[in-house]
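Take a look at the overall fold first. Then turn to two individual residues.

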Amino acid sequence: LVNTSDSKDIDGKLTADIDLSGVNWTQIGSYAGTFDGNGYTIKKLCQNAGLANGSRYGLIQTLESGGTVTNLTISGAQLWSENSAGAIAAVNNGTISKCIVKDSTIMLGASHGLAAIAGTNTGTVTDCGVVNCFLQRRYSAANNSTFAIGAVVEDNSGIVSNCFSYG
């Protein structure tokens with residue numbers, strides 16, 4: 001429903017934990033609503049973007065300006081992407097607050113934007129944490145450029161405040 005062109009601003013609220021074990025997640029493409037995790041956890045979020053098309057991967061591909069994700073934990077995610085990757089949003093133009101990503105592995109190909117919360121951030125990330133996550137580039141950049149890896153965000157021209165990372 002959210003991935004239809006007319007439904008980008010639907011609001012949602014979790015009422016229980018979600019276990020995605022064995023499910024190959026289809027990410028939410030572009031989202032401008034409010035997603036309240038309500039203190040619950042999405043477990044075992046798994047995507048394999050392959051190496052082919054340079055897509056961005058996370059729970060949400062692009063959190064649009066005005067969009068919000070809050071009060072959510074993602075645990076045990078396994079994400080692989082060619083370009084920007086973050087467990088909450090590959091690209092954040094909105095607001096991510098009070099979210100935790102823990103015990104997860106996120107790998108990226110030959111581009112920028114590798115972090116546990118949001119790979120690329122032009123919005124706001126506040127009061128978020130990263131615990132015991134493994135972040136890695138799968139291979140060197142095709143143009144021999146050097147790109148950083150960030151725990152909370154990597155490619156940042158937005159606001160990041162009161163966030164932490166350990167483990």
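How much area does the protein expose, and what share of it do carbon and sulfur atoms supply? The exposed area is about 7,400 Å², and carbon and sulfur atoms supply 48% of it. This is a predicted model.

The protein holds 21 strands and zero helices. It has 167 residues, and buried ones make up 52% of them. Take the contacts between residues at least 6 apart in sequence: 77% of these join residues at least 24 apart.

Two residues give a local view.

| Residue | Location | Relative accessible area | C-alpha to C-alpha separation |
|---|---|---|---|
| Asp 103 | loop between strand 13 (100-102) and strand 14 (105-108) | 42% | 9.2 Å to Gly 167 |
| Phe 164 | strand 21 (residues 164-166) | 38% | 9.8 Å to Thr 126 |

Asp 103 sits in a loop. It counts as partly exposed because its relative accessibility is 42%, and partly exposed covers the range between under 20% and over 50%. Neighbours within four places in sequence aside, Asp 103 contacts Ser 75, Gly 76, Ala 77, Val 131, Asn 132 and Cys 133. Gly 167 lies 64 residues away along the chain, with 9.2 Å between the C-alpha atoms.

Phe 164 belongs to strand 21. At 38% relative accessible area, Phe 164 is therefore partly exposed. Its contacts, again without neighbours within four places in sequence, are Ile 100, Cys 128, Gly 129, Val 130, Val 131 and Val 152. Thr 126 is 38 residues from Phe 164 in sequence, and their C-alpha atoms are 9.8 Å apart.

Which residue in the 131 position does Asp 103 contact? Asp 103 contacts Val 131, and Phe 164 also contacts Val 131.

How values were computed
Residues numbered from 1 in each chain as written. Predicted model: local features only at pLDDT ≥ 70, side-chain atom pairs only at ≥ 80, totals over all residues. Heavy atoms only, no water. Helix = DSSP H or I, 4+ residues; strand = E, 2+ residues; numbered from the N terminus. Buried < 20%, exposed > 50% of the residue type's maximum accessible area, 1.4 Å probe, protein only. Contact = heavy atoms within 4.5 Å. Areas by Shrake-Rupley, 256 points an atom, 1.4 Å probe, with all protein chains shown as cover.
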